[in-house]
Amino acid sequence: MPSPTIKARTIKCPTCGRANKIPAAAEGAPRCGNCKSPLPWIVDADENEFAEVAEKATPLVVVLLWATWCGPCRMVSPALEQVATELAGKVKLVKVDIDRNPHLAQRFEVQAVPTLLILDKGEPVARRAGAAPAGTLRSWVEQVTAGRRDSKRG
């Protein structure tokens, strides 16, 4: 059961336009209550919530480790939100402000921001630093996703 301190976020369904309240932590992946389409899962997490929000999630989790003062971070955030929307039901985007969460920055050995990680059941399986356009980020996420599927088949 999610902690009561973890906030839900309202997301507009890209398919039908209905507003849906999406919990930061839950089983599976969110679907629209109206049309049942997969919804983008985009949340902010801090050090207290990270395990529940990111490490226990069942879809692959794209983690954005960023800082408010970082220009490239402000550019990559909307690109990642676009990717999370396009890959709704397949990935969850978790944003972590490293200035407010230095232990996570240290844990993941962040040396530059933005740093992007992909977690599979809490384990880092891919990493990249720096901003990139949405198409490049989507290709990276899909490549990692395809690689995870292939390794589970073999």
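# A tour from Gln-82 through the sheet

Select Gln-82: at 41% relative accessibility, this residue counts as partly exposed, because the value falls between the 20% limit for buried and the 50% limit for exposed. The model on screen is predicted. Gln-82 is placed in helix H2. For a sense of scale, pick Ala-129 as well: its C-alpha atom and that of Gln-82 are separated by 18 Å, and the two residues are 47 apart along the chain.

**Helix H2 and the sheet**

Now select the whole of H2, residues 71-86. The helix lies across S3, S4, S5 and strand S6 (115-120). Relative to S5, H2 runs at about 160 degrees.

Show the strands next. They form an open sheet of 5 strands in the order S3-S5-S4-S6-S7, with mixed pairing. At the edges are strand S3 (41-44) and strand S7 (123-129), each of which pairs on one side only. From one strand to the next the twist averages 20 degrees.

Select S4, residues 60-66, together with S5: the two pair in the parallel sense over 7 bridges. Within this pair, Val-63 has Val-94 in S5 as its bridge partner. Keep S4 and add S6; here the pairing is antiparallel, over 5 bridges. Leu-64 stands opposite Leu-116 in S6.

**Lys-95**

Select Lys-95, which is in strand S5 (residues 91-97). Is this residue buried or exposed? Lys-95 is buried, with a relative accessible area of 9%.

What does the side chain of Lys-95 meet? One partner is the side chain of Glu-81, in a salt bridge of 2.3 Å, N to O. Lys-95 lies in strand S5 and Glu-81 in helix H2, so the pair ties together parts that are 14 residues apart in sequence. Glu-81 is partly exposed, at a relative accessible area of 24%. The side chain of Lys-95 also makes a polar contact with the side chain of Ser-77, at 2.8 Å. Leaving aside neighbours within four places in sequence, the residues in contact with Lys-95 include Ile-42, Val-43, Asp-44, Leu-64 and Trp-66.

**Other salt bridges**

A search of the whole structure finds 6 salt bridges. Select Arg-107 and Glu-55 for one of them: their closest N and O atoms are 2.2 Å apart. Arg-107 lies in helix H3 (residues 102-107) and Glu-55 in helix H1 (residues 50-55), so this pair ties together parts that are 52 residues apart in sequence. Arg-107 counts as partly exposed, at 43% relative accessibility.

Go back to H2 and select Glu-86, whose side chain meets that of Arg-138 in a salt bridge (3.0 Å, N to O). Arg-138 lies in helix H4 (residues 134-153) and Glu-86 in helix H2, so the pair ties together parts that are 52 residues apart in sequence. Arg-138 is partly exposed, with a relative accessible area of 26%, and Glu-86 is partly exposed too, with 37%. Add Glu-142 to the selection: salt bridges that share partners join Glu-86, Arg-138 and Glu-142 into one network.

**The nonpolar cores**

Select Phe-50, Val-63, Leu-65, Val-94 and Phe-108. These have the most contacts inside the largest nonpolar core, which has 30 residues. The elements giving two or more residues to this core are S3, H1, S4, S5, H3 and S6. Centre on Phe-50: not counting residues up to four places away in sequence, Phe-50 touches Val-63, Val-94, Val-96, Leu-104, Phe-108 and Leu-119, among others. Both members of the Arg-107 and Glu-55 salt bridge are also touched by Phe-50.

A second, separate core has 21 residues and includes Ile-42, Val-83, Leu-87 and Trp-140.

**Strand S6 and the hairpin**

Finish on S6. How many of its residues are buried? The strand is mostly covered, with 6 of its 6 residues buried. In a regular strand, side chains alternate between the two faces of the sheet. In S6, Thr-115, Leu-117 and Leu-119 are on one side, Leu-116, Ile-118 and Asp-120 are on the other, and all are buried.

Add S7, which pairs with S6 in the antiparallel sense over 6 bridges. Leu-116 stands opposite Arg-128 in S7. The two strands form a hairpin with 2 residues between them. Select Lys-121 in the turn as the last stop: this residue has a positive phi of about 55 degrees.

Terms used:
Residues numbered from 1 in each chain as written. Predicted model: local features only at pLDDT ≥ 70, side-chain atom pairs only at ≥ 80, totals over all residues. Heavy atoms only, no water. Helix = DSSP H or I, 4+ residues; strand = E, 2+ residues; numbered from the N terminus. Buried < 20%, exposed > 50% of the residue type's maximum accessible area, 1.4 Å probe, protein only. Polar contact = N/O pair within 3.5 Å; in protein donor to acceptor, adjacent residues only side chain to side chain. Contact = heavy atoms within 4.5 Å. Pairing = 2+ DSSP bridges. Axes fitted to C-alpha atoms, helices over the stretch in contact; angles between N-to-C directions. Salt bridge = Lys/Arg side-chain N within 4 Å of Asp/Glu carboxyl O. Core = buried A, V, L, I, M, F, W, Y, C linked by side-chain atoms within 4.5 Å.
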